[in-house]
Each structure stands twice: as structure tokens, then as C-alpha cells.
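Okay, thanks everyone for coming. I'd like to walk you through a structure today, so have a look at it on the screen and stop me whenever you like.

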Amino acid sequence: MTTEWNPGVFIVGLSFGGFRLINRGLGYLPIPESALRNTWKWRNICTSMVHSMVTGIWAILCFYFQPQMAEDLIGTHSPSSHGLIAFSIGYFIHDFIDMLWNQKFQHSWELLFHHVVVITCFGISVSLCSYVGFAVVALLVEINSIFLHLRQILLMANRNKTTCFRINSIINLGTYVIFRITTLAWMTRWLVLNRDNIPLINYSIGSVGMAIMTLMNIVLFCRLLRSDFLKSSREGKKEKEK
């Protein structure tokens, strides 16, 4: 009996090495003077931006070229969609190690925990060659991550008072609702409706993962709303009163 070769591990390793090189290469590019006090964070965010742009577009193309995957998120997938999940695992492993090595634990534990959950869930998908479509749906949140990372880049470059930052804040909040909150809500509903078709262990891991992701994203949404809109609104009122 022969087992079919799973290229997932190879793609994970290739992706991990690729993102290490990208992160290293960013150190040779010009950095804004205001970001020089924390060059590690600048490189980390820019590397994350690359991942978000690639995977966000890739996830959309997966459903575009294989629309039947949307009808069967468990068993139907293409080599491209399977490769996408493995590619993302490589990035999350890189980012996990990068943060663990360069940032204090008390400042990064939330993201480290997030990465452990994602690597576990995506790892099950890649190894079993199942639930790939569901994992691709999860990567649609990376469309919002593009603007989330751009926001951090603009902040580090001291561009938080510009029109560009304001426009990005609006797009960021809009895509956050569409591609994060709505997507997570849909995924939770799908899990509940399909619980009879999913083994208990996988259903339990998926449910716990979704609960954690939903809670973390609601907290982040409140922080963004307070920082980019409520805070700036209060500052604007104070300036008018002067």
C-alpha cells in the first residue's frame, strides 16, 4: 500500500525560508527616520504586509478558479488552495519565531497565542488534505490585514496626521467588518450547521479556535475604533474650543 505524497511540509519549509529572507532583505532598504528606533518592528510589519497581500489575493483566486470549493469546504480543494494553506503556515511559523526572539513576551503573547491556534488548525487541514476550503475562507481576513499593516507602517513613519492615514483608517474599518467580523461569523455558523459531518476532535479544535479568534478580533476592533475615530473626534472638538 502506497501513500500519496503530501507536498505540504515542503511548501511550509520553502515559505518559512522565503519569509526569513524577505525579512532579512528589508534591512537593506531605506527606513523612515522615525522608525529607526525600532527597525525590527518595521521589518516585521513590512514582512506581514507581504504575506497579507499575497494570501489575500490568492484566497480570492482560489474560489474564483474553483467555485465548487465554496459548496464543499471539507473535501473539495485544488493543489493551489492546499499550497496556500501550507504557504501561510510557513509565514506564521516565521512570525512566531521572529516575535519570540525579538519582542518581550508581555507585549506579544496575544499574537503568539493567535499564531499557535492558526498553525494548529491549518496544520490539521494540510496534513489531512481536508477542510482546505474552510481554511481558505479564514484567509480572506488577510484582505483587511493589508490595511491593518499599512496603518502600522504609516504610524511608524509619523504619517498619522495625513489624509492618506485617514482614508486608510476608513477602508481599514470597512474591510474589518466585511472580511473579519462577517467572515468569522459565517465560519462559526458553518461549523454549527455542519457539526454532524465533522469528527468530534476536529469540531472541538475548530470551535475553540473560532471562539478565540472572534474574541480577539472584537477587542481589536474596539481598539481601532477608539484610537482612529473616537480619539481623533475628541481631539478635533478640543481644537475648536481653543
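Let's begin with helix α3, residues 79-102, and helix α4, residues 105-128. They pack at an angle of about 150°, and their axes are 9 Å apart. An angle over 145 degrees counts as roughly antiparallel, so that's what we call α3 and α4. And the handedness of that crossing? It's left-handed. Keep in mind while you look that this is a predicted model.

Now go to the other pair with α3 in it, α2 and α3. Here the angle is about 165°, with the axes 11 Å apart. So α2 and α3 are roughly antiparallel to each other too, and their crossing is left-handed.

While we're on α3, find Ile85, which lies in that helix. Is Ile85 buried or exposed? Buried, because its relative accessibility is 0%. Now look for Ala135: in sequence, Ile85 and Ala135 are 50 residues apart, but C-alpha to C-alpha they're 6.9 Å apart in space.

Next, charges. Side chains of opposite charge can pair when their charged atoms come close. How many salt bridges does the structure hold? Two.

Take the pair of Arg223 and Glu110: the closest N and O atoms of this salt bridge are 3.5 Å apart. It links distant parts of the chain, since Arg223 sits in helix α8, residues 200-241, and Glu110 in helix α4, with their positions 113 residues apart in the numbering. Both ends are partly exposed: Arg223 has a relative accessible area of 39%, and Glu110 has 32%.

Then there's Asp228 with Arg151, where the closest N and O atoms are 2.7 Å apart. Asp228 is in helix α8 and Arg151 in helix α6, residues 142-156, so this salt bridge ties together parts that are 77 residues apart in sequence. As for the surroundings, both Asp228 and Arg151 are buried.

Let's move on to the backbone, and to a couple of loops. Cys129 has a phi near 55°, which is a positive value in a residue other than glycine. Where is Cys129? In the loop between α4 and α5, with α5 being 132-138. Cys129 counts as partly exposed because its relative accessible area is 32%.

Asn158 is another one to click on: its phi is near 60°, again a positive value in a residue other than glycine. You'll find Asn158 in the loop between α6 and α7, and α7 is 163-193. With a relative accessible area of 48%, Asn158 is partly exposed.

Last stop, the surface. Which residues make the nonpolar patch of about 490 Å²? They are Ile57, Leu61, Tyr64 and Phe65. If you want one to start from, take Leu61, which is found in helix α2, residues 39-65. Leu61 counts as partly exposed, because its relative accessibility is 37%.

So, to go back over a few spots for your own look later: the roughly antiparallel pair α3 and α4, the buried salt-bridge partners Asp228 and Arg151, and the nonpolar surface patch with Leu61 in it. That's it from me. Any questions?

Technical notes: Residues are numbered from 1 along each chain as its sequence is written. This is a predicted model: local features need pLDDT of at least 70, side-chain atom pairs count only at pLDDT 80 or more; totals for chains, interfaces and linings use all residues. Side-chain values use heavy atoms; hydrogens and water are left out. Patches are made of residues with over 30% relative accessible area and no salt bridge: like charges are joined within 9 Å, nonpolar side chains (Val, Leu, Ile, Met, Phe, Trp, Tyr) within 5 Å. Accessible areas come from the Shrake-Rupley method with a 1.4 Å probe; for residues, only the protein chains shown count as cover. A salt bridge is a side-chain nitrogen of Lys or Arg within 4 Å of a carboxyl oxygen of Asp or Glu. Helices (H or I, at least four residues) and strands (E, at least two) are DSSP runs, numbered from the N terminus. Buried means under 20% relative accessible area, exposed over 50%, partly exposed in between (1.4 Å probe, protein chains only). Axes are lines fitted to C-alpha atoms, for helices over the stretch in contact, and angles run from 0 to 180 degrees between N-to-C directions. Angles under 35 degrees count as roughly parallel, over 145 as roughly antiparallel, 65 to 115 as roughly perpendicular and the rest as oblique. A crossing is left-handed if the near helix is turned anticlockwise from the far one by less than a right angle, and right-handed if clockwise.
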